[in-house]
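Reader: Please give me a close look at one part of this structure, beginning with a pairing of opposite charges and the places its partners come from, and then work outward into the surroundings. I would like one connected account rather than a list.

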Amino acid sequence: MSVQGVIKPDSMGRVRREISIQRLLEWAFADECAQVDFEDPGRLVQGYWPTGNAYRMAQRGVLGCRIDGGGRSDPDPDADLVASAVATLPESCGGRRMAVAMAEYARARRAPDCMADARIECVVTDWTSNRYGRRAKTERIGTETEVRGKRRVSVPVLICPISFSPTQAQIGAARRAYLAWYGALLELRGTFQAHQNLSRWKVTSAMPVMRPWKREGAKRS
């Protein structure tokens with residue numbers, strides 16, 4: 001998946017590509033394999049902890065050398081800044097739990113499942129099969145009296161247990177989770193637009209659809 005956007009020099013003369021906040025997270029976590037690190041190094045840089053390789057690179061500069069080891073290249077410094085910002089999401093945006101979830105969604109290059117096309121359906125709870133075929137399983141809940149000819153007989157009262165799937169609670173929970181993720185994206189977008197500290201990227205205002213389960217026709221009606 002390409003993440004390149006329009007190349008425009010900023011006010012400081014830096015040439016940076018435009019990118020949406022969602023695509024930026026996918027680049028950092030899926031392409032650059034950045035990691036969310038909750039370690040607290042003890043100081044803040046522009047609103048979030050300089051954890052990860054960006055912080056380690058600064059320390060190498062102080063030492064004047066690089067420690068040998070490892071079997072793969074480090075993520076891009078911009079990717080580390082992204083991971084650091086995600087790791088320090090405020091509790092009002094979900095905190096650490098949301099940070100982990102956002103990293104997982106970004107690695108999978110997808111958004112949370114908001115059950116946009118979910119429809120509540122009545123389904124049979126259980127089935128039974130015999131030589132005559134398959135049919136819904138029934139349960140006896142009592143008896144009733146019927147008149148058959150000149151006789152009164154007791155006959156069983158049977159019901160077919162049903163359930164509704166998915167439930168309204170499940171759909172509501174999925175959509176609340178999506179809106180929480182959307183709110184966290186807004187928080188991160190504002191962070192990078194305010195600090196302008198990425199060397200390769202300029203975060204645009206583009207966002208995913210806020211409520212994918214809403215239909216245009218429903219808005220106009």
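Author: In this predicted model, Asp-76 and Arg-200 form a salt bridge, with 3.0 Å between their closest N and O atoms. The pair links distant parts of the chain, since Asp-76 sits in the loop between α2 (53-63) and α3 while Arg-200 sits in the loop between α5 and β9, and 124 residues separate them in sequence. The two partners can be described by their cover: Asp-76 counts as buried because its relative accessibility of 15% is under the 20% limit, whereas Arg-200, with a relative accessible area of 32%, is partly exposed.

As general background, side chains of opposite charge can pair when their charged atoms come close. A search of the whole structure finds 4 salt bridges, and two others can be set beside the pair above.

One of them joins Asp-31 to Arg-109, with the closest N and O atoms 2.3 Å apart. Asp-31 belongs to helix α1 and Arg-109 to the loop between α4 and β3, so this salt bridge ties together parts of the chain that are 78 residues apart in sequence. Asp-31 has a relative accessible area of 33% and is partly exposed, and Arg-109, at 27% relative accessibility, is placed in the partly exposed class too.

Another is made by the side chains of Asp-126 and Lys-137, which meet at 3.7 Å, N to O. Here the partners are 11 residues apart, with Asp-126 in the loop between β3 and β4 (127-130) and Lys-137 in the loop between β5 (133-136) and β6 (139-148). Asp-126 counts as partly exposed at 37% relative accessibility, and Lys-137 counts as partly exposed at 42%.

Returning to the first pair, the loop that holds Arg-200 runs between α5 and β9, and the helix before this loop deserves a closer look. Helix α5 (168-195) has 28 residues and spans 41 Å from its first C-alpha to its last, which is close to the 40 Å expected at 1.5 Å a residue. Gln-196 follows α5 and has a positive phi, near 50°, a sign that is noted here in a residue other than glycine. Gln-196 lies in the loop between α5 and β9, and with 26% relative accessibility it counts as partly exposed.

On the other side of α5, Pro-166 is found in the loop between β8 (162-165) and α5. A cis peptide bond joins Ser-165 to Pro-166, with omega at about -10°.

The elements around these pairs can also be followed into the nonpolar interior. The largest nonpolar core has 33 residues, of which Leu-24, Leu-25, Phe-29, Val-82 and Met-102 touch the most other members. The elements that supply two or more residues to this core are α1 (21-31), α3 (77-87), α4, α5 and β9 (201-203). Phe-29 shows how such contacts are made: leaving aside residues up to four places away in sequence, Phe-29 touches, among others, Ala-34, Val-36, Val-82, Ala-83, Val-86, Ala-103 and Arg-107.

The loop between α4 and β3, which holds Arg-109, also holds Met-115. Met-115 has a positive phi of about 55° although it is not a glycine, and at 21% relative accessibility it counts as partly exposed. Ile-120 is found in this loop, between α4 (95-107) and β3 (121-124), and is partly exposed, with a relative accessible area of 40%. Together with Ile-162 and Phe-164, Ile-120 forms a nonpolar patch on the surface, and the three share about 290 Å² of accessible area.

Some totals give the setting for this close view. The protein chain contains 6 helices and 9 strands, and buried residues make up 30% of its 221 residues. Of the contacts with a separation of 6 or more, 64% are between residues 24 or more positions apart. The chain exposes about 14200 Å², of which carbon and sulfur atoms supply 50%.

How values were computed. Residues are numbered from 1 along each chain as its sequence is written. This is a predicted model: local features need pLDDT of at least 70, side-chain atom pairs count only at pLDDT 80 or more; totals for chains, interfaces and linings use all residues. Side-chain values use heavy atoms; hydrogens and water are left out. Patches are made of residues with over 30% relative accessible area and no salt bridge: like charges are joined within 9 Å, nonpolar side chains (Val, Leu, Ile, Met, Phe, Trp, Tyr) within 5 Å. Accessible areas come from the Shrake-Rupley method with a 1.4 Å probe; for residues, only the protein chains shown count as cover. Helices (H or I, at least four residues) and strands (E, at least two) are DSSP runs, numbered from the N terminus. Buried means under 20% relative accessible area, exposed over 50%, partly exposed in between (1.4 Å probe, protein chains only). A nonpolar core is a set of buried Ala, Val, Leu, Ile, Met, Phe, Trp, Tyr and Cys residues joined through side-chain atoms within 4.5 Å. Contact means heavy atoms within 4.5 Å. The expected span of a helix is 1.5 Å times one less than its number of residues.
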